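Hi,

Here is the structure I said I'd send over. Have a look at it first, and then read on for what turned up.

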Amino acid sequence: MITDRVYDLVRDDVFLRISGLGGLNRLYLKIEGLNTGGSIKLKTARGILEGAELSGVDLSRVRIIESTSGNLGVALAVICAAEGYRLTCVTDPNSNASSVAVMRALGAEVVVVRDRDENGGFLGSRINYIRERLEQESDLFWANQYANPDNPLAHARTTAPAVLDEFERVDHLFVGVGTGGTLMGVTDYFRTHSPKTRIVAVDTVGSVNFGSEPQRRLIPGLGTSRRPELLSPETPDEVVLVPEDDTVRECRWLARTAGLLAGGSTGTVLAAIRGQAAEISPDETVVAISPDLGERYLDSIYNDDWVIENGLGRALTPERPLEEGQRDVLV
């Protein structure tokens, strides 16, 4: 592939077969971390900005602003750097430091909102900050991934058909839920083109997306403290909530058995699959979306001290003892 636009470097055809999980023989991860910017959010960002241009917004004459826990901010920063657009990313203390550093390196202004919202998270506070800026500054364009229909549309046009192009039949599709854009987009497509596919939405314990009580959450990517407008909770066939220590355990299991360093969303989805594996026929085709890779989580999910300090130490108990060569050695 040769392209003049860095944000056209999308790899929608990469799947990794995962073995050793619950006896499933046909479990595949759709790897999205090879896209420019390192995540599935490149497609979201591209879809939102292209939609804005089609609606008549001159992006060269405004400042784009968006609330982000990390990946969408990086994706927007990639596109804005390439096109010369101005961008402000509104983040919070839970955002990965490396993602924030990438945003800044690509030329984005980064604002860190530290006040928690009424549900104990930061999303409501980030959005309130943006609303205040919109009232004061007439030249802002809010991408608004939480309500913008171009978010799910991007995945109905790319992510979903890419899955069905690869597999003749998909029996179970597991999708992590943050804004709900990926879930809503792939579900819209699958309901028409593969209606027998069972779609499972995977969220984090403490997220309010599906009506659960809010709790403290530490790992960015999935879950919210304020339900996004575009998310319809009744859309999936089933919803699974995963505690964050299971997220950490599955990320580490995947790294040490498959050699894939994945982000927290992937670990969360794998935990949901493991919990349901006994109810799935070993030869049914199971596809899960892996939104990003794990390098930006080295200081959190893959850092023992961080895991212990944040009360997730249960995740460090391995299912089987590590061999001697896998242990850290001090000399």
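A quick word on terms before the rest: the domain bounds I use below come from an automatic or database domain assignment. Also keep in mind that this is a predicted model.

That assignment splits the protein into domain 1, made of 6–34 + 149–315, and domain 2, covering 40–142. Taken over C-alpha atoms, the centres of the two domains are 23 Å apart.

Most of what I have for you is about how domain 1 and domain 2 meet. On the domain 1 side 32 residues make contact, and they touch 30 residues of domain 2. Together the two domains bury about 2,500 Å², with carbon and sulfur atoms giving 53% of that area. Which three residues of domain 1 supply more of the area it buries against domain 2 than any other three? They are Tyr 7, Ser 225 and Arg 296, with 31% of it.

Now the polar side of things. Three salt bridges turn up across the interface of domain 1 and domain 2. Elsewhere on my list is the salt bridge between the side chains of Asp 8 and Arg 46, at 3.2 Å from N to O. As for polar contacts, 14 residue pairs make them between the two domains, counting pairs with both residues at pLDDT 80 or more.

If you want a place to start looking, try helix H5 (residues 150–157): with four residues, it gives the largest share of the domain 1 side that touches domain 2. By class, that side of domain 1 has 12 nonpolar residues, 10 polar and 10 charged.

Cheers

Methods: Residues are numbered from 1 along each chain as its sequence is written. This is a predicted model: local features need pLDDT of at least 70, side-chain atom pairs count only at pLDDT 80 or more; totals for chains, interfaces and linings use all residues. Side-chain values use heavy atoms; hydrogens and water are left out. Contact means heavy atoms within 4.5 Å. Buried area is the accessible area (1.4 Å probe) that two parts lose on being put together, summed over both. A salt bridge is a side-chain nitrogen of Lys or Arg within 4 Å of a carboxyl oxygen of Asp or Glu. A polar contact is a pair of N or O atoms within 3.5 Å; within protein, one must be able to donate a hydrogen and the other to accept it, and residues adjacent in sequence count only if both atoms are side-chain atoms. Helices (H or I, at least four residues) and strands (E, at least two) are DSSP runs, numbered from the N terminus. Ala, Val, Leu, Ile, Met, Phe, Trp, Tyr, Cys and Pro count as nonpolar, Asp, Glu, Lys and Arg as charged, and the others, Gly among them, as polar.
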